[in-house]
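Q: Please take a close look at the salt bridges of this model, and then at the contact between its chains. A connected account would be preferred to a list.

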Number of protein chains: 2
Amino acid sequence: MAGTVPSGERKPLPASLVAALEERFADHFQRGDAVLGQYGSSETHFATMLPDAVVYARSRDDVVALVKLCAAADIPIIPFGAGTSIEGNAAPVNGGITLDMSQMDAVLAVHTEDFDCVVQPGVRREELNLHLRDQGLFFPIDPGANATIGGMASTRASGTNAVRYGTMKDAVLSLEVVTPQGEVIRTARRARKSAAGYDLTRLYVGSEGTLGIITEVTLRLHPVPDTISAAVCSFETLGGAVDTVVQSIQCAVPLARVEILDAKQMTAVNRWSKLDYPEAPTLFFEFHGSATHVAEQIETVKALAEAHGGSAFSWSNRPEERSKLWRARHEAYYAAVNMRSGAIGWATDVCVPMSRLAECIAETHADLETSSVPATILGHVGDGNFHVIFSIDPDAPTEMEEVEALNAKLVERALAMDGTCTGEHGIGLGKQDWLVAELGEAVEQMRLIKRAFDPQNLLNPGKIFVL
Amino acid sequence: MAGTVPSGERKPLPASLVAALEERFADHFQRGDAVLGQYGSSETHFATMLPDAVVYARSRDDVVALVKLCAAADIPIIPFGAGTSIEGNAAPVNGGITLDMSQMDAVLAVHTEDFDCVVQPGVRREELNLHLRDQGLFFPIDPGANATIGGMASTRASGTNAVRYGTMKDAVLSLEVVTPQGEVIRTARRARKSAAGYDLTRLYVGSEGTLGIITEVTLRLHPVPDTISAAVCSFETLGGAVDTVVQSIQCAVPLARVEILDAKQMTAVNRWSKLDYPEAPTLFFEFHGSATHVAEQIETVKALAEAHGGSAFSWSNRPEERSKLWRARHEAYYAAVNMRSGAIGWATDVCVPMSRLAECIAETHADLETSSVPATILGHVGDGNFHVIFSIDPDAPTEMEEVEALNAKLVERALAMDGTCTGEHGIGLGKQDWLVAELGEAVEQMRLIKRAFDPQNLLNPGKIFVL
């Protein structure tokens, strides 16, 4: 069931391990309640689960040392980036040591001629783009939150730009990983493609820290387009907005971003970000390319929007206007949760084939209309991926159950349409049963890999599946 | 060492297995010498290795039945597509049963709205594109040979269009696979992206038939561009041609195809395909997009070519002219091998970061100039990927050694430049030592997966690595 926490055995840290960690890590090893409290809660509805200690990694050697000490003591390690994951992906369900990677935040190299860079896993995506801004390059993957690159690789993050630039599966060229045995491996060289053996890079991407600890990431970058135009367009109906996107994709318009927000989400955004957009189903667009190519894309999309009840486009072409627009989009989660003060958020996520998207969103919208829990729909419709965000009253005990049922209905609908239970949030704790519903016996192959790589179940135990 | 054949134990087929296979497969089970001979040799220089029998699969159930019978008798299975692989990837080194998938050649579904299709693994890429031609869609991956989709998935094929459309890693949305235990699994749903668990799709893509037998492939398709323009441009120097490509990529021109052929390769192509191109370093280009976008791309690339000693562009805009041009490119391997009559071909393949490509090609060209074995350079330079094709006299015993040494030097050079020992041909038999040189301890992680999935070493044993 979504939200169920696997019952793991929690073993206290042995005194010998504590002594060894104090000696090795000094004040980069912490056990105080105030510190632990920062690592026990998450962005969404999962119960607080505290680790027994936190270690702050400053180097690959720190990671190797920690893995060897924890392996010897049989104590779990939970790699932790920025804590922005929303399916309980970094919750210490069996206690153990949370390994905070955020201090490994160096950009190690930028190869402008090769359109790639090498970073430590604690680099955050916004800081990476600041670092790159004078070099005519950017890193496109944008899950909304200012996540770490290591965390984004671990959850196979995507977001607003994925329709054009792909997901972390496409962005990661190579990884340096510390195995559960404390070996340091590199999964690939820096060539843009390779047929050399099994694709370990793609295996670690999306493995949610259960197979190894990422200590270095080589990322593909893209040239900053000559022209970037962003626009907002509101629609009479949600279906009109979805159909505009589906037909734009079918016309091969290389949309760089296309986000849908339903009317309720727009109300929330206006209130939270102090804006005054029409409170109607809305698309946020971004177009990239040469001036003539962007003009051509816009012409096609405007005609399609008009044919589907779209308003005039409201343009944001200057960088600061665009930032404002996308900041409003990125704050949509907080805007939606805070429709009610003191509410708990629950964000779910499905992805379906484009041909089923309009139907999937329409049926979901109808369900939400009958719900007593306020909820919004928004998402990366160019991929067939959308979210529902619920704003749950923590003092109303039936609301959590109601949301569980609505979430179940949504995921079942997506699976019945040959879609997936998660386009980008990952499985974590929240979608383990749905993973089995989606892929059946294939999950056993995943377990074989986990057992082969990590027979002690040392790394982020209890995530994706219970062994 | 490249070209070394692992010494495997060869176990005769037990009589009970032969009886069971005859009963189950009737005349789709063959043991005659004439039939076996078709499966023992390969496109390149590897010694002939015969299987003990051939089974022709007609269905997933056939594959499951064969796997169960062979697992019980401990007899290897070598999945086989069109036999176009060139690193000995489908050679039956330990004997056993070659499983010919070419009769499973149905296109099961085309979802035009979703830009995807579902095919059996024996469908060949040219036949798939014939099937799609009235639907405004095409399948872009083009390794030259008319390979099967299953074989292309197994070797992570790419080819001329990869610079724009990616490789099989990007083209495969989902696989149906029969495991070495005879279980049928599906690796993903049909959504365009997913964060649901480990990326089994990408694990099987490129695993060269060692982890499972592919029985169904869901492929991403692309809309046929409004405008397709192809051009040939010759250069004063090889370096001028390479620099034109590198700078075009750096200017973010979305080249659909860009192939380099050195002067010797052009001589071979002219002779083989009865053409009269200038016998100088040459680029073959293809541009895709709207008319204005293609015109814009061409303008940029023409200016760059001119600045680097390029000739005027010779255009092929009509489909039949384009076919002729690309047929000449696709026949380049045969053209090169047949520079000497009766010669044996050896095609090797490396891929390096773009910033090192000019240097890598220049140094390789200088090596080849001193060689007594005729050799050409050609490749997919937009990816940093190129090939050397040697035309070896089988009666000159030193030539094979000379080629081994040149190949070793090339691969070492690519690795020293942070490149890979194979951009697209795979490891097979030929590059096992180079895989270890390239990825070191990471190869042990690959072995862990192979042992976990296939503890009997039933599927295509001796490929990628020796267990």
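A: **Salt bridges and the chain contact**

In this predicted model, A:Glu216 and A:Arg60 form a salt bridge in which the closest N and O atoms are 3.6 Å apart. A:Glu216 belongs to strand β10 (residues 213-220) of chain A, whereas A:Arg60 belongs to helix α3 (residues 60-73) of chain A, so the pair ties together parts that are 156 residues apart in sequence. Over all chains the count comes to 60 salt bridges.

Of particular interest here are the salt bridges between the chains. Eight are found across the interface of chain A and chain B. One joins the side chains of A:Asp383 and B:Lys193, at 3.0 Å from N to O. Across this interface there are also 37 residue pairs in polar contact, with both residues at pLDDT 80 or more.

Several elements of chain A give two or more residues to the side that touches chain B; among them are α7 (168-171), β9 (184-186), α8 (200-204) and α9 (238-250). The set also includes α11 (291-307), α14 (354-369), α16 (432-439) and α17 (442-453) of chain A. The greatest contribution to this side of chain A is that of α17(A), with eight residues. By residue class, the side of chain A that touches chain B divides into 33 nonpolar, 25 polar and 21 charged residues.

The extent of the contact can be stated in residues and in area. Chain A contributes 79 residues and chain B contributes 79 residues. The size of an interface is often given as the accessible area lost when the parts come together. Chain A and chain B bury about 6,500 Å² between them, and 58% of this lies on carbon and sulfur atoms. Of the area that chain A buries against chain B, 16% is supplied by A:Arg189, A:Lys193 and A:Tyr198, more than by any other three residues.

The arrangement of the two chains remains to be described. A turn of 180° with a shift of 0.0 Å along the axis lays chain A on chain B with an RMSD of 0.0 Å. That is the relation of a two-fold axis. Of the interface residues of chain A, 100% are also interface residues in chain B, so the copies meet through the same surface.

One further local feature of chain A may be noted. Strand β5 (residues 107-111) and strand β6 (residues 116-119) of chain A run antiparallel and are joined by four bridges. A:Val107 has A:Val119 as its bridge partner in β6(A). The hairpin of β5(A) and β6(A) has four residues between the strands, and in this hairpin A:Phe115 takes a positive phi near 55°.

Technical notes: Residues are numbered from 1 along each chain as its sequence is written. Chains are lettered from A and ligands numbered from 1 in the order in which they are written. This is a predicted model: local features need pLDDT of at least 70, side-chain atom pairs count only at pLDDT 80 or more; totals for chains, interfaces and linings use all residues. Side-chain values use heavy atoms; hydrogens and water are left out. Contact means heavy atoms within 4.5 Å. Buried area is the accessible area (1.4 Å probe) that two parts lose on being put together, summed over both. A salt bridge is a side-chain nitrogen of Lys or Arg within 4 Å of a carboxyl oxygen of Asp or Glu. A polar contact is a pair of N or O atoms within 3.5 Å; within protein, one must be able to donate a hydrogen and the other to accept it, and residues adjacent in sequence count only if both atoms are side-chain atoms. Ala, Val, Leu, Ile, Met, Phe, Trp, Tyr, Cys and Pro count as nonpolar, Asp, Glu, Lys and Arg as charged, and the others, Gly among them, as polar. Copies are superposed by least squares on the C-alpha atoms of residues with pLDDT of at least 70 in both. Two strands pair if DSSP finds at least two bridges between them.
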